[in-house]
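Here is a short briefing to read alongside the structure. Keep the viewer open, and we will go through it topic by topic.

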Amino acid sequence: MDLVYDVVVVGGGVAGVAAAIAASRIGARVLLLEKDMSFGGVLTSALVNPMMTFHSPARQVIGGIGQEIIDRLVSVQGSYGHIDDPIGFVKSITPFDPEKMKSSLIEMLVEEGVDFLFNSLVASVSREGDSISTITTESTGEKNRVNAQVFIDSTGGGNLSIRAGAYY
Ligand SMILES: Cc1cc2nc3c(=O)[nH]c(=O)nc-3n(C[C@H](O)[C@H](O)[C@H](O)COP(=O)(O)OP(=O)(O)OC[C@H]3O[C@@H](n4cnc5c(N)ncnc54)[C@H](O)[C@@H]3O)c2cc1C
């Protein structure tokens, strides 16, 4: 299938979900691609829990969509929010229920009008000059060619950039 979007975000960890929501809020048509079957990346697939930390020693320094995710989790009893770190390693820790994180991220993306595809591994990248023009995703028995004006690499390992030939 051939797909055309303004912005394609590759990788549905928390960074990719936040990037997709931010792009959609400024009016872009956005597609989020994830090779696995859920969002949250290592937070949900590798059980990196609790999150540390949203605070400097003096105040909260991370807000925005990250905080919106926490607010959503609190509203569905999926987190206590930010609590003092009992061992004092950092100012606060943010425990969460990984399954409620997965469903909350899907709900937020749907509410923001972001299209998404699971089981979509970006397998190849075509360039025009220094820019990515098209990527090809593979899932079981199916290939998609996706065109966009902007591609965002949120794979956590630079996988899109490397396939595009970026130096690293
Ligand atoms: C054990 C551990 C403990 C940590 N502890 C802390 C901590 O205490 N505090 C802290 O701030 N940070 C911590 N981190 C780091 C933090 O978890 C990560 O930096 C952050 O979660 C990364 O989020 P991300 O969205 O950038 O990437 P990821 O969560 O890695 O998400 C990347 C997503 O891209 C997808 N993807 C990859 N390649 C492709 C492809 N080719 N096509 C399609 N999809 C693709 C993956 O499936 C994944 O869902 C820890 C990490 C680990 C592993």
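**Helices, loops and ligand**

Gly113, just after H4, takes a positive phi of about 75 degrees. Keep in mind throughout that this is a predicted model. The helix before that glycine is a good place to begin, followed by H1, the loops and the ligand site.

**Helix H4**

- H4 runs over residues 98–111, which makes 14 residues. From first to last C-alpha the helix reaches 20 Å, close to the 20 Å expected at 1.5 Å a residue.
- At the start of H4, the backbone nitrogen of Glu99 has a side-chain oxygen of Asp97 within 2.9 Å.
- Which residues of H4 are buried? They are Pro98, Met101, Ser104, Leu105, Met108 and Leu109. Because these residues cover an arc of only 135 degrees around the axis, they sit on the same side of H4.
- An α-helix has 3.6 residues a turn, so residues three or four places apart point the same way.
- Val110 and Glu111, on the other side of H4, are exposed.
- The cover over the buried residues of H4 includes three helices, H1 (14–25), H2 (42–45) and H3 (64–75), together with strands E2 (30–33) and E5 (115–117).

**Helix H1**

- The 12 residues of H1 should span 16 Å at 1.5 Å a residue, and the end C-alpha atoms are 16 Å apart, which agrees.
- Gly16, Val17, Ala20, Ile21, Ala23 and Ser24 are the buried residues of H1. Their arc around the axis is only 165 degrees, so they lie on the same side of H1.
- What covers the buried residues of H1 includes strands E1 (2–10) and E2, along with helices H3 and H4.
- Just after H1 comes Gly27, with a positive phi of about 100 degrees.

**The loop between H2 and H3**

- Pro50 lies in the loop between H2 and H3, and the peptide bond from Asn49 to Pro50 is cis, with omega near 0 degrees.
- Thr53 is found in the loop between H2 and H3 too. A cis peptide bond joins Met52 to Thr53, and omega there is about -5 degrees.
- Val61 also has its place in the loop between H2 and H3. Is Val61 buried, partly exposed or exposed? With a relative accessible area of 47%, Val61 is partly exposed.
- Leaving aside residues up to four places away in sequence, Val61 touches Phe54, His55 and Ser56.

**The loop between H3 and E3**

- Ser79 lies in the loop between H3 and strand E3 (83–84). Its relative accessibility is 11%, so Ser79 counts as buried.
- What does the side chain of Ser79 reach at 2.9 Å? The partner is the backbone nitrogen of Gly81.
- A polar atom of the Ser79 side chain also lies 2.7 Å from the backbone oxygen of Pro95.
- Not counting residues up to four places away in sequence, Ser79 touches Leu73, Val74, Thr94, Pro95 and Phe96.
- Gln77 is found in the loop between H3 and E3 as well. Although Gln77 is not a glycine, this residue has a positive phi of about 55 degrees. Its relative accessible area is 64%, so Gln77 is exposed.

**The loop between E5 and E6**

- Asn119 has its place in the loop between E5 and strand E6 (121–128).
- Asn119 has a positive phi of about 55 degrees, although this residue is not a glycine.
- Asn119 counts as partly exposed because its relative accessibility is 31%.

**The ligand site**

- How many residues are around the ligand, and which come nearest? There are 21, and Ala15, Glu34, Val42, Met52 and Asn159 come nearest.
- A polar backbone atom of Ala15 is 3.0 Å from an oxygen atom of the ligand.
- A nitrogen atom of the ligand lies 3.3 Å from a backbone N or O atom of Lys35.
- An oxygen atom of the ligand lies 3.4 Å from a polar side-chain atom of Asp36.
- The ligand taken alone exposes 1,000 Å², and the protein buries 63% of that.

Note on methods: Residues numbered from 1 in each chain as written. Predicted model: local features only at pLDDT ≥ 70, side-chain atom pairs only at ≥ 80, totals over all residues. Heavy atoms only, no water. Helix = DSSP H or I, 4+ residues; strand = E, 2+ residues; numbered from the N terminus. Expected span 1.5 Å × (residues − 1). Buried < 20%, exposed > 50% of the residue type's maximum accessible area, 1.4 Å probe, protein only. Arc of directions from axis to C-beta. Contact = heavy atoms within 4.5 Å. Polar contact = N/O pair within 3.5 Å; in protein donor to acceptor, adjacent residues only side chain to side chain. Near = heavy atom within 4 Å. Areas by Shrake-Rupley, 256 points an atom, 1.4 Å probe, with all protein chains shown as cover.
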